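Trainee: I should like to learn how pockets, cavities and cores are read from a model. May we work through one example together?

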Amino acid sequence: MRSDSVRCGCIDILVVCTGNICRSPMGEALLRVRLEARGVDARVHSAGTMAWGGSATDEAVRAMREHGLVIDDHRSRALTNELVDRADLVLGMTRDHVWRAARGTDDAGDRVFLVGELARLGPRAGAREADEPVREWAARVAALRPGGPVGRAGDEIDDPVGEPLEVYRATAVRLDRDLSTIASLLAP
């Protein structure tokens with residue numbers, strides 16, 4: 001399937017968590033602004049492995065406002081194979097998210113990563129070259145994995161749902177740190 005990125009000339013990045021109401025909407029907003037600041041034309045969007053429906057949690061909305069970002073209008077949606085097929089890069093919060101994103105598409109394994117995993121391995125592969133497609137860069141990074149798309153426990157980002165605002169703030173700081181690294185690697 002041709003990705004929307006081929007048609008629009010931009011990178012298509014999908015951010016995945018469980019309900020698409022906390023981590024992935026925060027990650028989507030943070031990555032979008034980091035890529036925009038570097039002049040990278042990207043479609044950043046998100047989905048969840050469970051169809052929860054609804055908006056982002058109040059705490060996620062508040063944590064993002066503290067970062068100067070607005071996610072008030074976010075509506076959750078379910079992860080589909082079509083979303084993964086179109087994406088040049090898929091970023092999951094846990095190994096379960098990575099597994100679920102990769103399992104429905106034959107060629108997804110080399111472009112599905114934990115956020116923390118890509119932030120950790122990406123610098124070893126080096127930044128994307130100016131003329132290098134994101135899928136090729138992702139495959140270079142994936143080649144550094146010791147045994148397939150599993151990542152490490154320390155690469156996972158815990159779910160803050162049901163936790164106090166301080167946990168959401170810490171999640172946002174972690175996401176911003178890792179996604180800033182990823183954005184700098186994607187900017188040719």
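Mentor: Certainly. The model is a predicted one. Let us begin with a pocket: the second largest is lined by Pro25, Glu28, Ala29, Arg32, Val33, Glu36, Leu69, Val70, Ile71, Asp72, Asp73 and His74.

Trainee: How much space lies in the second largest pocket, and which classes of residue make up its lining?

Mentor: The space in this pocket comes to about 150 Å³. Its lining comprises six nonpolar, five charged and one polar residue.

Trainee: Is Pro25, as one of the lining residues, buried or exposed?

Mentor: Burial is judged by a threshold: a residue counts as buried when its relative accessible area is under 20%. Pro25 has a value of 2% and is therefore buried. This residue is found in helix 2. Leaving out residues up to four places away in sequence, Pro25 touches Asn20, Ser46, Ile71 and His74. Pro25 and Val61 are 36 residues apart in sequence, with 9.0 Å between their C-alpha atoms.

Trainee: How is enclosed space to be recognised?

Mentor: Rolling a probe the size of a water molecule over the atoms shows where empty space is left. Here there is one cavity of 30 Å³ or more. The largest cavity holds about 40 Å³ of space. Among the residues lining this cavity are Cys17, Asn20, Arg23, Trp52 and Asp159. By class, the cavity lining has five nonpolar, three polar and two charged residues.

Trainee: Which residues touch the most other members of the largest nonpolar core?

Mentor: They are Ile13, Leu89 and Leu91, in a core of 45 residues. Elements giving two or more residues to this core include strand 1 (11-17), helix 2 (23-37), strand 3 (89-92) and helix 8 (165-186). Helix 8 gives the most, with nine residues. Beyond its neighbours within four places in sequence, Ile13 is in contact with Leu31, Leu35, Arg43, Val44, His45, Leu89, Leu91 and Leu186. Another core, of 14 residues, lies apart from this one and includes Leu79, Ala102, Val112 and Leu114.

Trainee: Which residues are buried in helix 5, and where do they fall when seen down the helix axis?

Mentor: In helix 5 (residues 95-103), the buried residues are His97, Val98, Ala101 and Ala102. Viewed down the axis, they fall within an arc of 120 degrees, so they line one face of the helix. The elements covering these buried residues include strand 1, helix 2, helix 4 (81-86), strand 3 and strand 4 (112-114).

How values were computed:
Residues numbered from 1 in each chain as written. Predicted model: local features only at pLDDT ≥ 70, side-chain atom pairs only at ≥ 80, totals over all residues. Heavy atoms only, no water. 1 Å grid on protein atoms, 1.4 Å probe; cavity = no way out; pocket = protein on both sides within 12 Å on 5 of 7 lines; lining within 4 Å. Points joined across faces, edges and corners; volume = space filled by probe spheres on them. Nonpolar A, V, L, I, M, F, W, Y, C, P; charged D, E, K, R; others polar. Core = buried A, V, L, I, M, F, W, Y, C linked by side-chain atoms within 4.5 Å. Buried < 20%, exposed > 50% of the residue type's maximum accessible area, 1.4 Å probe, protein only. Helix = DSSP H or I, 4+ residues; strand = E, 2+ residues; numbered from the N terminus. Contact = heavy atoms within 4.5 Å. Arc of directions from axis to C-beta.
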